[in-house]
Amino acid sequence: MNILAPSILSADFCELGKQIEEIEKAGAQYLHVDVMDGIFVPSISFGMPIVSSVRPRTKMFMDVHMMVTRPERYVEEFIQCGADGVTIHEEACDCVAETLCRIREAGAQAGLAINPETPVEKLYPYLDKMDMALIMTVHPGFGGQSYIDECTEKIEIVNAIVHEYNLKTLIEVDGGIKVDNVCIPLDAGANVIVAGSAVFGGNVEENVKNFKEQFQNFED
Ligand code: DX5
Ligand code: ZN
C-alpha cells in the first residue's frame, strides 16, 4: 500500500488543527513533521512542542524527519512527545547504528535519510536496523523546491535490494513531489510519499484526494 505523508512545513500554522483534520479525513495516513535546527540545514522550523500539541488531535502516524545535527541528543524526547517514527540523517550523525537501535528500543520506527549528494551505498550497513529509508529528492531545508531527477535511480536501487532480500523496509521520498510527477517515485518503488506545498497549497482535501487517485495506479 502506498502512503501519503503531508508535510506540515507548508501548513498554515494558524489553521494547523483544522488542516490536520482535513488531510486525515481525506485519507492521508502519515503526518510528516520536518524538524530543522538551523545548522544541518539553513532554516529553523519547529520541534517537540508541535509534536506534543498535534499528538492528541490525530490518529495519523507521526513521521518526524529530523534535519538536525547530532540527532542522537533528541530521539527519545521526540518519541515521548508522540512521534511514531523518527528519521535521522546519515550525514548528521556519527553513531547511526546505535541511534537507530535506540529509536526502536524507545518504541518507534527508525528511519535513515540521505541527501541528494550522498551515495545510496551509505544506507547499506544499516538496512537491518531501519524500518524506513528516506531518499531526499531536494536539498533539505525548504519546501517548494523542484524534484531532482537524478535521485530516482537511488529509489530503484533500494527497491531492488528490498525485494532481493525480502525486507520490510519502507521507501520514503521527500521533496518536490506533486500530483503530476508522483508517478516517477512510485514507479521507481517508493511507497511513502511526502508532499508539502502540493498538499497545503490550495484546497487541502482535493489535493490529498488527487494524490490518492494517482496511488491507485500503483497498488498491487
Ligand atoms: C525539505 C523537507 C520536506 C518539505 C517538502 O527540507 O524535508 O519535507 O517540506 O516540501 P515540498 O513537498 O513542498 O517539496
Ligand atoms: Zn521532510
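**Entry 1: polar contacts of ligand 1.** I looked up G176 and found one of its backbone N or O atoms 2.8 Å from an oxygen atom of ligand 1, in what I note here is a predicted model. I then turned to G196, where a backbone N or O atom is likewise placed 2.8 Å from an oxygen atom of ligand 1. For H32 I had to look at the side chain, which has an N or O atom 3.5 Å from an oxygen atom of the ligand.

I next checked how far ligand 1 is covered, and found that the protein takes up 100% of the 380 Å² of accessible area that the ligand has on its own.

**Entry 2: the site.** I located ligand 1 in the largest cavity. The elements that contribute two or more residues each to its shell are β2 (30-36), β3 (61-67) and β8 (192-195), and I noted that β2 gives the largest share, three residues. In total I counted 20 residues around the ligand, with D34, G141, D174, G196 and S197 as the closest. Sorted by class, I have eight nonpolar, ten polar and two charged residues in this shell.

**Entry 3: aromatic pairs.** I searched for ring pairs and found two in the structure. In one of them, F13 and F46, the ring centres lie 5.8 Å apart and the planes meet at 75 degrees, so I entered the pair as edge-to-face, for which the planes must be over 60 degrees apart. I also traced where these two residues sit: F13 belongs to the loop between β1 (3-6) and α1 (16-26), whereas F46 belongs to the loop between β2 and α2 (48-54), so that the pair links distant parts of the chain, 33 residues apart.

How values were computed:
Residues are numbered from 1 along each chain as its sequence is written. Chains are lettered from A and ligands numbered from 1 in the order in which they are written. This is a predicted model: local features need pLDDT of at least 70, side-chain atom pairs count only at pLDDT 80 or more; totals for chains, interfaces and linings use all residues. Side-chain values use heavy atoms; hydrogens and water are left out. A residue is near a molecule or strand if one of its heavy atoms lies within 4 Å of it. A polar contact is a pair of N or O atoms within 3.5 Å; within protein, one must be able to donate a hydrogen and the other to accept it, and residues adjacent in sequence count only if both atoms are side-chain atoms. Accessible areas come from the Shrake-Rupley method with a 1.4 Å probe; for residues, only the protein chains shown count as cover. On a 1 Å grid over the protein atoms alone, a cavity is a set of points where a 1.4 Å probe fits but cannot get out, and a pocket is an open set with protein on both sides within 12 Å along at least five of seven lines; lining residues have an atom within 4 Å of a point. A molecule sits in a cavity or pocket if more than half of its atoms lie within 2 Å of its grid points. Helices (H or I, at least four residues) and strands (E, at least two) are DSSP runs, numbered from the N terminus. Ala, Val, Leu, Ile, Met, Phe, Trp, Tyr, Cys and Pro count as nonpolar, Asp, Glu, Lys and Arg as charged, and the others, Gly among them, as polar. Rings of Phe, Tyr and Trp (its six-membered ring) pair if their centres lie within 6.5 Å; planes under 30 degrees apart count as stacked, over 60 as edge-to-face and the rest as tilted.
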